[in-house]
Amino acid sequence: MSIIIIEDEKPSARRLQRMLTVLDMEAETMLHSVEESIAWFQNNHHPDLIFLDIQLSDGLSFEIFETVDIKSAVIFTTAYDEYALQAFKLNSIDYLLKPIDEDDLAIAVSKYNERVPKQQSVTLDFDDIKKLLVNPIEREYKKRFSVKVGQHLKLVNIDDIECFYSENKGTYAFTSEGRNYLLDTTLEQLEDELEPHKFFRISRKFYVNVNAIKDMVSYTNSRIQIKFNTYNEQEVIVARERVKDFKEWLS
């Protein structure tokens, strides 16, 4: 079975590729933009199955179907629920919300295998989808947080935050000024709000800002300890299962 991955974030693409390997599936081709994908489909045999990110760096992946008559089964991947719902308007097997869970991936692959899809074109109502998505490519990530300080509200610029962490069921932002602020959110909710090229979740407890990292040191069990410009309240360790993705994110 031939498989390709279309995903603009290369660490995410490589992670999905490794997850597929565990399921004895090999994705040799990885594409990262609408333009690159169109060129590839115009010059290659279409694969049996496509893992397709909905939002790519240069547009929505739906635009690929406007130019090329795709003859493959599709499993969509997305970080946004409102995008994922549109997958049901398409001739797709399933959709996976990012970060992709191993069990969810296995279920989606099982659906594909049970369906034994025949070669057929993907159809979609692109105009209808565009009406539902308002400037999706211009979607802006969080630029600031409003936090309560006594009886006052204070605005904290995202670039001033060295890390986010959870503690005692609360989520905190630590700034370069050495201040901690309690936020009305969770680390899980932050995953959809933070610029992925700037912030990375290194463990269940910490989200780090790449610009605030002062040093990285080898730690026990092949892990990495992060040292920040200011934050030093506790050891910050990259979880072992996240080390490979973290190194790819840094590059």
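**Exercise 1.** In which loop, between which two strands, is Ile-54 found? Decide also whether Ile-54 is buried or exposed.

*Solution.* The structure is a predicted model. As a start, locate strand S3 (49-53) and strand S4 (55-56), since Ile-54 is found in the loop between them. Next, take the relative accessible area of Ile-54, which is 0%; buried means under 20%, and Ile-54 is therefore buried. Finally, look for Glu-7, which is 47 residues apart from Ile-54 in sequence, although the two lie 8.3 Å apart in space, C-alpha to C-alpha.

**Exercise 2.** Work out how strand S8 and strand S9 pair, and over how many bridges.

*Solution.* Begin with the ranges, which are residues 144-149 for S8 and residues 152-157 for S9, and note that these strands pair in the antiparallel sense over 6 bridges. Within this pairing, Val-147 stands opposite Lys-154 in S9. Then turn to the hairpin of the two strands, which has 2 residues between them and in which Gly-150 takes a positive phi near 65°.

**Exercise 3.** Examine Asn-168 and Ser-222, and state for each the loop, the phi value and the exposure.

*Solution.* Asn-168 is found in the loop between strand S10 (161-167) and strand S11 (170-175), and its phi is near 50°, a positive value in a residue other than glycine. With a relative accessible area of 74%, Asn-168 is exposed, because exposed means over 50%. Ser-222 is found in the loop between strand S15 (213-219) and strand S16 (223-228), where this residue, although not a glycine, has a positive phi of about 65°. Its relative accessible area is 60%, so Ser-222 is exposed.

How values were computed
Residues numbered from 1 in each chain as written. Predicted model: local features only at pLDDT ≥ 70, side-chain atom pairs only at ≥ 80, totals over all residues. Heavy atoms only, no water. Pairing = 2+ DSSP bridges. Helix = DSSP H or I, 4+ residues; strand = E, 2+ residues; numbered from the N terminus. Buried < 20%, exposed > 50% of the residue type's maximum accessible area, 1.4 Å probe, protein only.
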